[in-house]
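Student: Before we discuss this protein, could we go through how its labels are justified, setting each value against its cut-off?

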Amino acid sequence: MGAKILVKKLVSKVDVTGMLVKAKFYTSLCLGTTAILSVFAFLFLIPFVVDPAISTILADYEPEPVTCVAVEHVYAEGLSNCSWASCREGCTTAALRCHQILVNYTKTPFEHWQKGTVDLDSVEWDVGETRFFINTEGCGYPPTVNCTTFSKKYGYSNIGVPFPCYYSRTYPNMVVARYSWDDNLRHLILSLVIPNFLFAFSVGVLIYWYCPSCNRSRPTLDTSSYVESFHSKHEEEEEEDFDEEEY
């Protein structure tokens, strides 16, 4: 019985309203921070994910890999010699060193060549000596993009060796080494949905809490700032100390 009475006394002393105000204050702070970070995250994703993904969709690549053969590989240095590059590590700065690979491609699926049903010497290339890129933008960031590995795989001693590639049905002279419709669409959806959902949810909750017209349909709660209530308590304590000193 004594324990129950003690628990009831402790519960009765708990300031439920004060706890709700504190919880609302800290939750609002977290929601505001989340909304701000979501905006910056979305602005960051636009040039690095959203724009390349949309460009890839507009290029309309052939989903099945076709057969390509590298016919020329040039390694150049200097800004004037690197007007374009098959691969760049970094998409925001101009390339001072670059690999330029030209390829021929035929629309014959690469799996047919692997099965040995196509004679490479008798192939009529659909497009010849066109620029070859690692992806739509021709650039990326490590470890996803490694231009040294890329150049060794498709250039140098591998010139003349058939390999799979993807050509653009919108721009037939554009050929890339990497393409996946599912991955591209997934990255685009995630980069659009997640930041915007977090921003809309955070702002929506804050509007619902602090918009006067939204609070009419629910019980009123003292929404005074926790910081203001803290200052008022602190001022009261200072006044009490001052009165005691006078006496």
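The dialogue below takes the disulfides and then one residue of a helix.

Tutor: Keep in mind that this is a predicted model.

Student: What makes C68 and C165 a disulfide?

Tutor: Their sulfur atoms lie 1.8 Å apart, and the cut-off for a disulfide is within 2.5 Å, so the pair qualifies. The pair links distant parts of the chain, since C68 belongs to strand β1 and C165 to strand β6, 97 residues apart.

Student: Why is the disulfide of C68 and C165 called right-handed?

Tutor: The torsion about its S-S bond is about 75 degrees, so the disulfide of C68 and C165 is right-handed. By contrast, the link of C87 and C147 has -85 degrees about the S-S bond and is left-handed.

Student: How do you know that C91 is partly exposed, and what is C139 called?

Tutor: C91 has a relative accessible area of 31%, and because partly exposed covers the range between 20% and 50%, C91 falls in that class. C139, at 6% relative accessibility, counts as buried, because buried means under 20%. A disulfide joins C91 to C139, with 2.1 Å from S to S.

Student: Why does S151 count as buried?

Tutor: Its relative accessibility is 1%, and the limit for buried is under 20%, so S151 counts as buried. S151 is found in helix α4, residues 147-154, and, leaving aside residues up to four places away in sequence, S151 touches H73, H99 and Y156.

Terms used. Residues are numbered from 1 along each chain as its sequence is written. This is a predicted model: local features need pLDDT of at least 70, side-chain atom pairs count only at pLDDT 80 or more; totals for chains, interfaces and linings use all residues. Side-chain values use heavy atoms; hydrogens and water are left out. Helices (H or I, at least four residues) and strands (E, at least two) are DSSP runs, numbered from the N terminus. Buried means under 20% relative accessible area, exposed over 50%, partly exposed in between (1.4 Å probe, protein chains only). Contact means heavy atoms within 4.5 Å.
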